[in-house]
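Please open the model in a viewer and keep the selection panel at hand. The tour below proceeds from one selection to the next and states what is found at each stop.

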Amino acid sequence: MTTNREAWVAGAEKLAAAGIDSARLDARVLLAHVMELGTGELLTASDPSPEQIARYDELLERRVAREPAAYITGAREFWSLPFAVGPGVLIPRPETETILEEATRLFPDREAPLEVLDLGTGSGCLLVAFLKDYSNARGVGVDRSAEALSWARANGEALGVADRIAWREGGWPAGEGTYDLVLSNPPYLTLAEASELAPEIARYEPASALLAGADGLNAYRAIAPLIPRYLKPGGRAVLEIGAGQVDAVSAILIGQGLEIMAIKPDLAGVPRSIAVARA
């Protein structure tokens, strides 16, 4: 009988041999998924059955082929909530939580009846997570991808906020109306950065959610003129930005009559979100 630790170590060695940097973590996540356990329960639980080991081996092969672990398990944690993800939708990243950190600072009253717009909602992680914290808030999530919206709808349902969200398929202008808060994690990678993406991203995640022209600023140029129209008096918008883009994005936003309210770094100290208001 193979023990949990033996299975985990063997899986980690296999992934490491395939060049996967997160081999130990991914092996643990995949084994816990097969055994229907939390990762913290893995080493104290009963040993896996032969059927579970066989399933684990199948998942390891998918990871060796560089399929993202989140696609394999069908879930990624964001803002301490489980979000369903899979082909056709961007996997939520920890740095995107800086948007929510800034939004909750700007709107400290968790009972406020806020109207929220999420542009390029993807999995719905920003809007759904915000509404979980703000029980009287309502939102609109916009995305041009029907596939991404299907994941967003599923997450809204699973996390109990579907009755407070309207989903709209379309581009940036589809968020018609005015709002207290506009959230967006737009695509911002340059074409040069696209050539350096890890296989997990380049092969599997939707390019439309990642790439934004030669300089990575196309989405900001499209969104910035819309923000003044979307914001109610006293409203705020919080956008994610790429590494090294703070000056360029600030200039685009200021050029549309917006005032920079705050710039928040991620855990690595990289400016990662920018909050604006109508000047």
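Begin with six residues of this predicted model: L117, L119, V182, Y220, I227 and L253, which touch the most other members of the largest nonpolar core, a set of 32 residues. To see where this core comes from, colour β3, β4, β6, α10 (218-223), α11 (227-230), β7, α12 (246-254) and β9, each of which supplies at least two of its residues. The greatest contribution is that of α12, with four residues. A second core lies apart from this one; it has 31 residues, among them L100, F107, V161 and A275.

**The sheet**

Next, display the strands alone. Seven of them form an open sheet with mixed pairing, in the order β5-β4-β3-β6-β7-β9-β8. At the edges are β5 (165-169) and β8, each of which pairs on one side only. Ignoring direction, neighbouring strands of the sheet are turned by 15° against each other on average. In general, the strands of a sheet pair through backbone hydrogen bonds, either parallel or antiparallel.

**Strand β3 and its two neighbours**

Select residues 115-119, which make up strand β3. Four of these five residues are buried, and the strand is thus mostly covered. On one flank, β3 runs parallel to strand β4 (residues 138-143), and five bridges join the two. Within this pairing, E115 stands opposite R138 of β4. Adding α6 to the selection completes a right-handed β-α-β unit composed of β3, α6 and β4.

Now pick L117. Apart from residues up to four places away in sequence, L117 touches V140, V142, G175, Y179, L181, V182, L183 and Y230. β3 also pairs with β6, in the parallel sense and over four bridges. Here L119 is the residue opposite S184 of β6.

**S184 in strand β6**

Centre the view on S184, a residue of strand β6 (residues 179-184). Is S184 buried or exposed? S184 counts as buried because its relative accessibility is 0%. A polar atom of the S184 side chain lies 3.0 Å from the backbone oxygen of L119. On the β7 side, β6 pairs in the parallel sense over five bridges, and S184 stands opposite L239.

Which residues are in contact with S184, once its neighbours within four places in sequence are left aside? They are I99, D118, L119, L126, W172, I223, V238, L239 and E240.

**Helix α5**

One of those contacts, I99, leads to helix α5 (residues 97-106), so select that range next. The buried residues of α5 are T98, I99, L100, E102, A103 and T104. Show as well what covers them, which includes β1 (75-78), α6 (125-133), β6, β7 (231-240), β8 (258-265) and β9 (271-278).

**Strands β7, β9 and β8**

Return to the sheet and select β9. This strand is mostly covered, with six of its eight residues buried. Its pairing with β7 is antiparallel and has four bridges; E240 has S273 of β9 as its bridge partner. The pairing of β9 with β8 is also antiparallel, and seven bridges join the two strands. In this second pairing, the bridge partner of K264 is S273. Select S273 together with E240 and K264 to view both partners at once.

Follow the chain from β8 to β9 through their hairpin, which has five residues between the strands. Which residue of this hairpin takes a positive phi? It is G269, with a value near 85°.

**G242, the last stop**

Finally, select G242 in the loop between β7 and α12. G242 is buried because its relative accessible area is 3%, and the cut-off for buried is under 20%. Which residues are in contact with G242, its neighbours within four places in sequence being left aside? The contacts are Y188, Y220, P271 and R272. For R272, draw a distance between C-alpha atoms: G242 and R272 are 30 residues apart along the chain, and these atoms are separated by 6.4 Å. Another of the contacts, Y220, leads back to the start of the tour, as Y220 is one of the six residues that touch the most other members of the largest nonpolar core.

Notes:
Residues are numbered from 1 along each chain as its sequence is written. This is a predicted model: local features need pLDDT of at least 70, side-chain atom pairs count only at pLDDT 80 or more; totals for chains, interfaces and linings use all residues. Side-chain values use heavy atoms; hydrogens and water are left out. Buried means under 20% relative accessible area, exposed over 50%, partly exposed in between (1.4 Å probe, protein chains only). A polar contact is a pair of N or O atoms within 3.5 Å; within protein, one must be able to donate a hydrogen and the other to accept it, and residues adjacent in sequence count only if both atoms are side-chain atoms. Contact means heavy atoms within 4.5 Å. Two strands pair if DSSP finds at least two bridges between them. A crossover is right-handed if, with the strands pointing away from the viewer, the path from the first strand over the helix to the second runs clockwise. A nonpolar core is a set of buried Ala, Val, Leu, Ile, Met, Phe, Trp, Tyr and Cys residues joined through side-chain atoms within 4.5 Å. Axes are lines fitted to C-alpha atoms, for helices over the stretch in contact, and angles run from 0 to 180 degrees between N-to-C directions.
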